[in-house]
Amino acid sequence: MPCYRCGARQTDPVRGASPWKRGVRHEAQVLVCPDCQRAQDLDLDTCPTCASTALICRLGEVECRSCGLVRLAQAPSPGSPDLSGLAAEVEAALNRVLGRK
């Protein structure tokens, strides 16, 4: 997955923690490269309880890593990535790997 701001691709990291940051933007998980993290306004979603941008999105839920709030993800807003074909792609990939027809 590329950086949502500049499109840079993540490379294999050296040992240790990745310098890339995860975030949520328009109810979708995004990555932010180290260069773009220096920007003042990353335009990431914030937690409605504590205003933190330390959010993760998974399986239709958004979780705040700061305060622990978990909420259902809203419907995608205009400008967010189109994930409508993702389920079909995942199913096809699983069928190929598992030898199903």
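This is a short conversation about a predicted model and the reasons behind some of the labels used for it.

Reader: Happy to start with the cysteines. How many disulfides does the structure hold?
Author: Zero disulfides are found here.

Reader: What makes the sulfur of Cys-3 too far from Cys-36 for a bond?
Author: The closest cysteine sulfur to that of Cys-3 is in Cys-36, at 3.8 Å. A disulfide needs two cysteine sulfur atoms within 2.5 Å, so this pair is too far for a bond.

Reader: And why is Cys-33 not bonded to Cys-36, its closest cysteine by sulfur?
Author: The reasoning runs along similar lines. The two sulfurs are 3.6 Å from each other, and the cut-off is 2.5 Å, so Cys-33 and Cys-36 are too far for a bond.

Reader: How do you know whether Cys-3 and Cys-33 are buried or exposed?
Author: Buried means under 20% relative accessible area. Cys-3 has 3% and Cys-33 has 4%, so Cys-3 counts as buried, and Cys-33 does too.

Reader: Let's turn to Ser-52. Where is its place?
Author: Ser-52 is in the loop that runs between strand E2 (28–32) and strand E3 (55–58).

Reader: Why is Ser-52 called buried?
Author: Its relative accessible area is 15%, and the limit for buried is under 20%, so the label fits Ser-52. Leaving out residues up to four places away in sequence, Ser-52 touches Asp-45, Thr-46, Cys-47, Cys-64 and Ser-66.

Reader: Which residues does Gln-29 touch?
Author: Gln-29 belongs to strand E2. With residues up to four places away in sequence not counted, its contacts include Met-1, Arg-22, Leu-55 and Cys-57. Its C-alpha is 9.9 Å from that of Leu-44, which lies 15 residues apart from Gln-29 along the chain.

Reader: Now helix H1. How do you know that its span is close to the expected one?
Author: H1 has 13 residues, and from first C-alpha to last it reaches 18 Å. The expected span at 1.5 Å a residue is 18 Å, so the two are close. After H1 comes Gly-99, with a positive phi near 70°.

Reader: Why is Leu-98 called exposed?
Author: Leu-98 is found in H1, which covers residues 86–98. Its relative accessibility is 52%, and exposed means over 50%, so Leu-98 counts as exposed.

Reader: Which residues make the nonpolar surface patch?
Author: Leu-86, Val-90, Leu-94, Val-97 and Leu-98 make this patch of about 470 Å². As for the spacing, an α-helix has 3.6 residues a turn, so residues three or four places apart point the same way.

Notes
Residues are numbered from 1 along each chain as its sequence is written. This is a predicted model: local features need pLDDT of at least 70, side-chain atom pairs count only at pLDDT 80 or more; totals for chains, interfaces and linings use all residues. Side-chain values use heavy atoms; hydrogens and water are left out. Patches are made of residues with over 30% relative accessible area and no salt bridge: like charges are joined within 9 Å, nonpolar side chains (Val, Leu, Ile, Met, Phe, Trp, Tyr) within 5 Å. Accessible areas come from the Shrake-Rupley method with a 1.4 Å probe; for residues, only the protein chains shown count as cover. A salt bridge is a side-chain nitrogen of Lys or Arg within 4 Å of a carboxyl oxygen of Asp or Glu. Helices (H or I, at least four residues) and strands (E, at least two) are DSSP runs, numbered from the N terminus. Buried means under 20% relative accessible area, exposed over 50%, partly exposed in between (1.4 Å probe, protein chains only). The expected span of a helix is 1.5 Å times one less than its number of residues. Contact means heavy atoms within 4.5 Å.
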